[in-house]
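Got a minute to go through a few labels with me? I'd like to see what each one rests on.

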Amino acid sequence: MIWHFQLKEHKKIKDELLYLIDKCKGKKIKELDDNISKTDFYQPNKTSEPYRKIIEPKIIKSFNELKKNIAVEEFIFDNFWFQQYYKGDTHQWHTHQKSNLSGIYFLELPHENYKTEIRRFPTDKLVKYRAKEGDVIFFPSFFSHRSAKIELDLRKTVIAFNFDAR
């Protein structure tokens, strides 16, 4: 199961978030079958502070509306990081540890074919969902997911985060 909503403030904050990400040092990842043009995942958490200050309150506000529909008292966010993908980039199947939920904000998603693919546990069948730029999805952290290879000359930017729901 995944949860999905459109971030209402997306159009207002997109350019500022991209500007802050452009200023971040970030790092290129090229190992095994992964190729990510720019990410701050391996940087100290301080690097995410400028864009996290903008995005976290907006996500919390949306989550607070969701709390009415699910049995959750609070959301405790762990870390935030961005990833940018260009033509030829990919991030292979993986899961996240030390949290019970993972989230992805599609800051730039120029084509729906490049949304994050998620496999349902334990069947490994792909979860079907629609996504467009400005959407936020979240799902159990033990669901395997990936960013398939970008085949077109474009850029995909996501802000990912891990959190616990209690």
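Q: Why does Lys98 count as exposed?
A: Keep in mind that this is a predicted model. Lys98 has 79% relative accessibility, and exposed means over 50%, so the label fits. Lys98 is found in the loop between strand S5 (91-94) and S6.

Q: And why is Asp124 called partly exposed?
A: Its relative accessible area is 45%. Buried would need a value under 20% and exposed one over 50%, so Asp124 falls in between. This residue lies in the loop between S7 and S8.

Q: What is there to say about phi of Lys98?
A: Phi of Lys98 is near 65 degrees, which is positive, and the residue isn't a glycine. Asp124 is another non-glycine residue with a positive phi, near 65 degrees.

Q: What kind of peptide bond joins Phe121 and Pro122?
A: A cis one, with omega at about 5 degrees. Pro122 sits in the loop between strand S7 (117-118) and S8.

Q: Which residues touch the most other members of the largest nonpolar core?
A: Leu17, Tyr51, Phe63, Tyr105 and Ile159, out of 28 residues. Among the elements that give two or more residues to this core are helix H1 (10-23), helix H2 (49-66) and strand S10 (156-165). A separate core has 18 residues, including Tyr85 and Ile137.

Q: What makes Tyr51 a contact of Leu17?
A: Contact means heavy atoms within 4.5 Å, and Tyr51 is listed for Leu17 once neighbours within four places in sequence are left aside. Ile54, Ile55, Tyr105, Leu107 and Ile159 are contacts of Leu17 too.

Methods. Residues numbered from 1 in each chain as written. Predicted model: local features only at pLDDT ≥ 70, side-chain atom pairs only at ≥ 80, totals over all residues. Heavy atoms only, no water. Core = buried A, V, L, I, M, F, W, Y, C linked by side-chain atoms within 4.5 Å. Buried < 20%, exposed > 50% of the residue type's maximum accessible area, 1.4 Å probe, protein only. Helix = DSSP H or I, 4+ residues; strand = E, 2+ residues; numbered from the N terminus.
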